[in-house]
Amino acid sequence: MALLHQIKVPLLSVNDTTLTVVEISFDNGSKVVQGDIIMVFETSKTTYDVAAESGGYIEYRCVAGNDYEVNDVVANIYSEAIDIVIHKPVLNGSTQNNLITTSVKPSLWQGEPLFSNEANILIGKNGFDRSVFSNRDFVSRHDVEEQFKLRPKEEHVVKQKTVVPKAKVPVVAGNVTIQKLSSNKKREIQFLSAVQSAGLTSTLNTTIDTFGIFAQLNKTQKYLKNSLLPIILYEGGRLLKKYPLLNAFFDDDNIALYDNVNMGFAIDAGKGLKVLKIENTNTKSIGEIEEAIMNLSGLYLDDKLSIESLS
């Protein structure tokens, strides 16, 4: 039995030192032809299809939904199926210890190796020779530990963490859809959070040319002549339905998407600024939204608003 093709986790971005296998296209031992999509990786930005470079029989060494480091072997293609052993794949981390030794050697990397931040720190701290990795395209901390038979002492130290209670978003059961975040997406959020913690923010501004727009809007509005508020709520409600991630919040390792679009508008009539809610905004016409604005504002002025209308 000849090993025709060895599939490793590719280095697609310097920020993605591990990738998530999100789809496995065949059963172990199945016959594949050149060009077949045999698996799909997910990065922090996109998905990446892996095509078979040769025809043969596929042996997977990974599990869909789990993470693998760059250069980990996640599949092999053999010339025959009879001798393929169904291995128990490594669920997380490196698969290197489960590899079968073969006479086929992967081609040597011709460029300069790229070292992860943790690998650089480990090499610098111990004064290791980087040249031993000259045939690698990417070097992770795991690679350094494996090469120099090193297990850092800090891994044995149990660090005490100060647990800060997280603010919980009030959620009515059944009003949200929960989605699991991939490890790459969680890592991307951590990177962004580190930037935001330093006080760096981004603001988007847009200018709307309203010339001539009110000639049409005023025909459909009874009360709020020359006002953009109803049309902003109308369009905003439909955009939030179209892009549900903008109508969501994080909950530990999940993202919770609100099933309903309930937009609010602020009103200040001498009693302090209040935000009043228009339920199911995306299902209402401009006229219905205008009626809701007037009704809620009137109730607010009369002190008859319910707590629900202020939530």
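The following paragraphs describe the fold, cores, loop contacts, surface and salt bridges of a predicted model.

The overall picture comes first. The chain is built from six helices and 15 strands. Of its 311 residues, 32% count as buried. Contacts between remote parts of the sequence are well represented: among contacts with a separation of 6 or more, 57% join residues 24 or more positions apart. The accessible surface of the chain amounts to about 19900 Å², and carbon and sulfur atoms contribute 54% of that area.

Turning to the strands, an open sheet is formed by four of them in the order 1-8-6-3, with antiparallel pairing. Strand 1 (3–8) and strand 3 each have a single partner strand and stand at the edges, so one side of each has no neighbour in the sheet. The pairing of strand 1 with strand 8 is antiparallel and runs over five bridges. Within this part of the model, Leu 3 stands opposite Tyr 78 of strand 8. In general, the strands of a sheet pair through backbone hydrogen bonds, in either a parallel or an antiparallel manner.

The interior can be followed through its nonpolar cores. The largest of these has 19 residues, and Ile 38, Met 39, Phe 41 and Val 74 are those with the most contacts inside it. At least two residues of this core come from each of strand 2 (18–24), strand 4, strand 6 and strand 8 (73–78). Ile 38 gives a good view of the surroundings: leaving aside neighbours within four places in sequence, this residue is in contact with Ile 7, Ile 24, Ser 25, Phe 26, Val 32, Val 50, Ala 52, Ile 58 and Tyr 60. Another core, of 13 residues, lies apart from the largest one and includes Leu 233, Phe 265, Ala 292 and Leu 296. As a general tendency, nonpolar side chains in soluble globular proteins are buried together.

Two loops that meet in space deserve a closer look. Val 33 belongs to the loop between strand 3 (31–32) and strand 4 (37–42), while Ser 54 sits in the loop between strand 5 (47–51) and strand 6 (56–60). The two residues are 21 residues apart in sequence, and their C-alpha atoms are 6.4 Å apart in space. Is Ser 54 buried or exposed? With a relative accessibility of 17%, Ser 54 counts as buried, because the cut-off for burial is under 20%. Val 33, by comparison, has a relative accessibility of 45% and is therefore classed as partly exposed. Beyond residues up to four places away in sequence, Ser 54 touches Leu 4, His 5, Val 32, Val 33, Gln 34 and Ile 77. The contacts of Val 33, again without neighbours within four places, are with Ala 52, Ser 54 and Gly 55.

On the surface, Leu 239, Tyr 243 and Leu 246 make a nonpolar patch of about 340 Å². Tyr 243 is found in the loop between helix 5 (229–242) and strand 12 (248–251). The relative accessible area of Tyr 243 is 42%, so this residue counts as partly exposed.

Finally, the charged side chains contribute three salt bridges. Side chains of opposite charge can pair when their charged atoms come close. In one of these bridges, Arg 61 pairs with Glu 59, and the closest N and O atoms are 3.4 Å apart. Both partners are enclosed by the definition of burial used here: Arg 61 is buried with a relative accessible area of 4%, and Glu 59 is buried with 1%.

A further bridge joins Glu 291 to Lys 222, with 3.7 Å between the closest N and O atoms. This pair links distant parts of the chain, 69 residues apart, with Glu 291 in helix 6 (residues 286–301) and Lys 222 in the loop between helix 4 (213–220) and helix 5. Glu 291 is partly exposed at a relative accessible area of 27%, whereas Lys 222 is exposed at 59%.

The remaining bridge brings together the side chains of Glu 279 and Lys 277, at 3.8 Å from N to O. Here Glu 279 is partly exposed, its relative accessible area being 38%, while Lys 277 counts as buried at 12% relative accessibility.

Definitions and conventions. Residues are numbered from 1 along each chain as its sequence is written. This is a predicted model: local features need pLDDT of at least 70, side-chain atom pairs count only at pLDDT 80 or more; totals for chains, interfaces and linings use all residues. Side-chain values use heavy atoms; hydrogens and water are left out. Helices (H or I, at least four residues) and strands (E, at least two) are DSSP runs, numbered from the N terminus. Buried means under 20% relative accessible area, exposed over 50%, partly exposed in between (1.4 Å probe, protein chains only). Contact means heavy atoms within 4.5 Å. Patches are made of residues with over 30% relative accessible area and no salt bridge: like charges are joined within 9 Å, nonpolar side chains (Val, Leu, Ile, Met, Phe, Trp, Tyr) within 5 Å. Accessible areas come from the Shrake-Rupley method with a 1.4 Å probe; for residues, only the protein chains shown count as cover. A salt bridge is a side-chain nitrogen of Lys or Arg within 4 Å of a carboxyl oxygen of Asp or Glu. A nonpolar core is a set of buried Ala, Val, Leu, Ile, Met, Phe, Trp, Tyr and Cys residues joined through side-chain atoms within 4.5 Å. Two strands pair if DSSP finds at least two bridges between them.
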